[in-house]
Amino acid sequence: MISRRGALGLAGAAGIATLTGCYTDGPGTGQALVSGARIPPPFKVPLPIPQVAKTVRRDDTTDYYEVVQKVAKVEILPGSKTTIWGYDGTFPGPTFRARAGRRVVVTVRNELPVPTSTHLHGGVTPPDSDGFPTDLVVPAGYPVHTKHAGMAMKPSDFTLHDRTRDYVYPMNQRAATLWYHDHRMDFSAPQVWRGLAGAFLIGDNDEDRLGLPSGDKDIPLLICDRSFDAHGEFHYPELDSTLTNPGVTEEYMSGVFGDVILVNGAPWPILEVANTRYRFRLINGSNARRYQLTGLPVTQIGSDGGLLAAPIRLESVTLAPGERYDVVVDFSEYPVGTELTWANALGTGPTGNVLRFRVARAEKDPSQVPAALAAVPVLRREDAVATRQFDFRLQGGKWTINGRPYEPAGSVAAPKLDSVELWRFTSDFHHPVHVHLAQFQVLGRTGRKPEASDGGWKDTVDIRPYGVVEVLVRFAGYKGRYMMHCHNLEHEDMAMMANFDVV
Ligand SMILES: [Cu+2]
């Protein structure tokens, strides 16, 4: 239950509607967690580029990978070591580069002290590989049945894999910027915070023909906030550091905001660039924090679900947790020697900065951004065969959907495979709503047209305080049980999830 003190914390969260009803934008719903460590100065550390995952085997149809989830010590704050939980011991994890039409099989081995579930966010994935929160890879000897104490769970609600399992991704989907992260029941927030996240990019022939920036000029940028204790370790307000019993201290039930902004695991890094176009895959991997990147205009070419029909110029990019924006920046607009900074208009003090670029050299640029990018069918209201409303709300001290906390055996909808439905999301605070499997198009926001940056196929959409967002969801791919949830990971862990069944 959220007590009066917790509720006051919510009222103090930036970006919520005030008592007079006016709405100011802000970092979202959450509470700032102040680091005990000395925070480094910005723009000193070079931007790390995560390793690209290497196949262990390939055959006619399939690329095979092996990933080990393990504890590692890495340098995040200059001069000190931070313990992380990482895919292959890195944070972010390796970047996967898959091809549409080529199946991917990832064998995950869990050497962490806790169970895990890995969700490919944006993947059109069969249910048994979707990273359901109760579908766990359990470390050797872990007594999972007795240790789960979160939402009302029975042992029969869980599927358990002993130490290792294969995730099978058919990749029958178009080129897109996906990411993968932990999805363990009750503990996604602390486990992602410890480092379990990485980029997963799908390419295809249609995209290759466009001549977009590629190779070392196509860079994933996983943006997240963290706090550090006085020893330089990650600081998170969990009640139980062994992650046996779930929950955070009361004032952080609305979400945790770190005060150090990391891009690809480095604090406020700097990237030296040529005076050419670059493609950046922006991924908000934060637990609760929203960003509005300003100071460097972009050309948006893609959204969560792949390329837009046509590029659009955006003066700033707003990213809610879980959202991706595929953008091109043309540094030829700036003389060599220029420094450009992505500030965060929704942050204050140190969280008001994100990333700096220095235009360091002149190069020929073979890339282009064509005026037409991809064929994107536009869904219309009359395509919807059903309308459903889902209200995301704090009720009775719990984060609920339509008044109910998550019920592992329950289901709130049964859309038909290959149908389109109109889903109306309503909310009290900021809730970034993520639908598994199905992609959607934003139809409108609180009686108005979608915003410029709402275009294309999406799987995550930011619902603002007292906002209404209507989306047209296309249920394509597979039958079976999937889920939707709030991607504020503290809300998700505290039961703001619901199952649906594609039939
Ligand atoms: Cu939420």
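This is a short talk on the domains, core and strand pairing of one protein chain, shown here as a predicted model.

Okay, let's start with the overall layout. The domain assignment splits the chain into domain 1 at 57–208, domain 2 at 215–361 and domain 3 at 381–502. If you take the centres over C-alpha atoms, domain 1 and domain 3 sit 23 Å apart. Domain 1 puts 15 residues into the contact between them, and domain 3 puts in 18 residues. So what is the side of domain 1 that touches domain 3 made of? We get eight nonpolar residues there, plus four polar and three charged.

Now the N-terminal end of domain 1, and strand S3 in particular. Strand S2 covers 57–58, strand S3 covers 62–75, and Asp60 is in the loop between them. S2 and S3 make a hairpin, with three residues in between. Their pairing is antiparallel, over two bridges, and Arg57 has Tyr64 of S3 opposite it.

Is Asp60 buried or exposed? Asp60 counts as exposed, because just 5 other C-beta atoms fall within 10 Å, and the exposed class goes up to 12. If you want a feel for the reach here, go from Asp60 to Val74: that's 14 residues along the chain, and 37 Å between the C-alpha atoms.

S3 has further partners. It pairs with strand S4, residues 81–87, in the antiparallel sense through seven bridges; one pair to click on is Gln69 with Tyr87 in S4. S3 and S4 are a hairpin too, this time with five residues between them, and Gly79 in that turn has a positive phi of about 90°. Then there's strand S6, residues 103–110, which runs parallel to S3 with eight bridges. Thr62 is bridged to Arg103 in S6.

Moving on to the core. The largest nonpolar core counts 126 residues, and Ile223, Leu282, Val327 and Val354 have the most contacts inside it. Which strand gives the most to this core? That's strand S13, residues 218–228, with six residues. Zooming in on Leu282, and skipping anything up to four places away in sequence, its contacts are Leu221, Ile223, Val317, Leu319, Arg324, Tyr325 and Val327.

Next, two open sheets. One has five strands in the order S18-S26-S25-S20-S23, and its pairing is mixed. Strand S18 at 270–274 and strand S23 at 317–319 are the edges, each pairing on one side only. On average, neighbours in this sheet are turned by 25° against each other, ignoring direction. Inside it, strand S25, residues 339–344, and strand S26, residues 353–361, run antiparallel and share five bridges. Ala343 is across from Asn353 in S26.

The other open sheet has four strands, S32-S30-S34-S35, with antiparallel pairing. Strand S32 at 460–463 and strand S35 at 497–502 are the edges here; each has a single partner strand, so one side of each has no neighbour in the sheet. The average turn between neighbouring strands is 20° in this sheet, again with direction ignored. Strand S34, residues 480–486, is antiparallel to S35, and six bridges join the two. Arg481 has Asp501 in S35 as its bridge partner.

One reminder for when you're picking through these strands on screen: in a regular strand, side chains alternate between the two faces of the sheet.

That's my tour, thanks.

Key: Residues are numbered from 1 along each chain as its sequence is written. This is a predicted model: local features need pLDDT of at least 70, side-chain atom pairs count only at pLDDT 80 or more; totals for chains, interfaces and linings use all residues. Domain bounds come from an automatic or database domain assignment. Two residues are in contact if their C-beta atoms, placed from the backbone, lie within 7 Å. Ala, Val, Leu, Ile, Met, Phe, Trp, Tyr, Cys and Pro count as nonpolar, Asp, Glu, Lys and Arg as charged, and the others, Gly among them, as polar. A nonpolar core is a set of buried Ala, Val, Leu, Ile, Met, Phe, Trp, Tyr and Cys residues joined through C-beta atoms within 7 Å. A residue is buried if 20 or more other C-beta atoms lie within 10 Å of its own, exposed if 12 or fewer, and partly exposed in between; C-beta atoms are placed from the backbone. Two strands pair if DSSP finds at least two bridges between them. Axes are lines fitted to C-alpha atoms, for helices over the stretch in contact, and angles run from 0 to 180 degrees between N-to-C directions.
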